[in-house]
Amino acid sequence: MKSAKSILIKNGYVLTLNRTRRIIADGAVHIEDGRIISVGNTEELRSTKAELILDAKHMIVMPGLIDTHVHLAQALIRGCADDVSLVDWLKSYVWVLQGNFTGDDGRVSAELCMAEMIRTGTTSFLECMIHTRYGFDNIAKSVEEAGMRAALSKIVMDSTGYADSDDIMYPGMIEDRDACLEETDRMHSKWHGKADGRLQVWYGLRSLGAVTPDLFKEVVRLSREKNTRMTMHLGEVVDDVRFVRDNFEMGLTEFAQEMGLLGPDMVFAHGIHLDDADLNRLAVTQSNISHCPASNMKLASGFARVPEMLGLGVPVSLGCDGGPSNNTYDMIRELRLAALIHKAKADDPLVVTAEQAIEMATLGGAKAMGIAETVGSLEPGKLADIILVDMNDLGLTPNVNPVSNLVYSGSGHAVDTVMVNGRLLMQDKKLLTLDEESVIQRARERNQALMERADVKITPKWPLE
Ligand SMILES: [Zn+2]
């Protein structure tokens, strides 16, 4: 679909997320050729001419949400590993299912995931580990067509362990070191910077236990040589800490530093089992943490020390993780959890405010993805990655403070309109770049075929007739 060259959004409650966090109660945003030209009062922009005018009355107008920890492939296995232990979660369900994926499953899952992300207000995402069997090319193509902004990370690994468990990986999930590096190289040459600059290709380091020190160092060298970035799960399980202590006699981030992994070009997912020295190292090196509160609660991984991280200046962003660990890709629900769980943990209602949660999901996400210069706030010169959230809803009434109302009462279903680079991906709650019905139908069929192929059966705990 071709988008309007010029767009005027008017009559909205505009959250700029600019340096002073300016809010405009009756605000307007003028967009030309995919870029924001001006942000101001509707009255000030009254004489602005535009091909398309969007009336945002009773709506929040804000930067698109940025999800920095997404497993695209796990949308197809949503709800396939609920209320089980982590080892069971991985070994009996998630790895078995993902290890039986075909390239078609990879594409359908990516489309299902993106349809949900767009539907719920996410404009950019960081996919953390694409296995060769999911079909990187097709996934990249589907992102190009769906119109989202994304960093796609290719898995790199050279060992079959996970944390302190040796040789635990499901056969279908194992990849060869040289093949991983070659595929990343090929995909980087083909896709990095493509799709009007919306696509990036990163290195997705599998996990501690699955990558040897030699490969860690090689990936750091290659990533910096290509001027791209890296992501990796870190400290999601306490076994990570034990693994590094037993094998290298070091703390987690001490080891990461030794491998060269720390820096603003690294996004660590979770970062739960970290001590004071770890947090300081992350702050000093400006290494990013992608905080995933829903996943951390569902898998009983623990509480990331987000209030301390924010206090120290560690860059923190938000992630939904995956279909079997969350089980949604709805960032507004994730905002709610991020703002709630730390209050209970710290016994302090003042920690992680609604505003801080939104900052993590916009400015923090843009920083983590290395795109803070171009997205993450509504300011002249920035790209028009914008969402309109409809607050004219029973569950959002009265709307006394739209910022905290969005976080504490909202969900992604309130999102009305989504644009990336000024191109509309959803308008009036209707997806424009993906066929919602077809996505649902194909995802159902492929899930069923996958479950049969992998011989995974999910039965309800209650008697089923
Ligand atoms: Zn993950």
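Start by selecting N421, which sits in the loop between β15 and β16. This is a predicted model, so treat each stop on the tour as a view of a prediction. Look at the backbone here: N421 has a positive phi of about 55°, although it is not a glycine. Is N421 buried or exposed? It has 23 C-beta neighbours inside 10 Å, so it counts as buried.

For a companion to N421, jump to E249, in the loop between α7 (238-248) and α8 (252-259). Its phi is also positive for a residue other than glycine, near 55°. The surroundings are another matter: E249 has 9 C-beta neighbours inside 10 Å and therefore counts as exposed. As background for both stops, most residues other than glycine have a negative phi, and most peptide bonds are trans.

**Two cis peptide bonds**

The second half of that background brings us to the peptide bonds. Select N326 and N327 together: a cis peptide bond joins them, with omega at about 5°. N327 belongs to the loop between β13 (316-318) and α12. Next, select T397 and P398, where the peptide bond is cis with an omega near -5°. P398 is in the loop between β14 and α14.

**Along helix α12**

From N327, follow the chain into helix α12 (residues 331-346) and draw a distance between its end C-alpha atoms. What should you expect for 16 residues? At 1.5 Å a residue, the helix should span 22 Å, and the ends are 23 Å apart, which agrees. Now colour the buried residues of α12: M331, I332, R333, E334, L335, R336, L337, A338, A339, I341 and H342. Charged names such as R333, E334 and R336 are included in that buried list. Just after the helix, D347 takes a positive phi of about 55°.

**A stop in strand β13**

Go back to strand β13 and pick S317. With 28 C-beta neighbours inside 10 Å, S317 counts as buried. Which residues does S317 touch, leaving aside those up to four places away in sequence? Show I66, T68, N288, S290, M360, G364, G365 and A368 to see them. For a sense of scale, add M157: it lies 160 residues from S317 along the chain, and their C-alpha atoms are separated by 25 Å.

**Two domains and where they meet**

Zoom out and colour by domain. The domain assignment gives domain 1 (6-63 + 377-431) and domain 2 (65-368). Their C-alpha centres lie 29 Å apart. Across the boundary, 22 residues of domain 1 are in contact with 26 residues of domain 2. On the domain 1 side, select β14 (386-390), α14 (402-409), β15 (415-420) and β16 (423-427), each of which supplies at least two of the touching residues. Which element gives the largest share of that side? It is α14, with five residues. By type, the domain 1 side divides into 14 nonpolar, six polar and two charged residues.

**Into the nonpolar core**

Now hide the surface and look inside. The largest nonpolar core has 150 residues, and V29, V61 and M114 touch the most other members. Helix α2 (residues 103-119) provides the largest share of this core, eight residues. The core draws at least three residues from each of domain 1 and domain 2. Centre the view on V29 and display its contacts: I9, V14, I36, V39, V61, L378 and I386, not counting residues up to four places away in sequence. V61, another of the best-connected core members, is among those contacts. In soluble globular proteins, nonpolar side chains tend to be buried together.

**The whole chain**

Finish with the full view. The secondary structure comes to 15 helices and 17 strands. The C-alpha atoms fill a box of roughly 65 × 50 × 50 Å along the principal axes. How does the radius of gyration compare with that of a compact globule? For 465 residues the globule value would be near 23 Å, and the protein chain has 21 Å, which agrees. Buried residues make up 55% of the 465 residues. Among contacts between residues at least 6 apart in sequence, 76% join residues at least 24 apart.

Terms used:
Residues numbered from 1 in each chain as written. Predicted model: local features only at pLDDT ≥ 70, side-chain atom pairs only at ≥ 80, totals over all residues. Core = buried A, V, L, I, M, F, W, Y, C linked by C-beta atoms within 7 Å. Buried ≥ 20, exposed ≤ 12 C-beta atoms within 10 Å, placed from the backbone. Helix = DSSP H or I, 4+ residues; strand = E, 2+ residues; numbered from the N terminus. Domains from an automatic or database assignment. Contact = placed C-beta atoms within 7 Å. Expected span 1.5 Å × (residues − 1). Rg over C-alpha atoms; globule rule 2.2 N^0.38 Å. Nonpolar A, V, L, I, M, F, W, Y, C, P; charged D, E, K, R; others polar.
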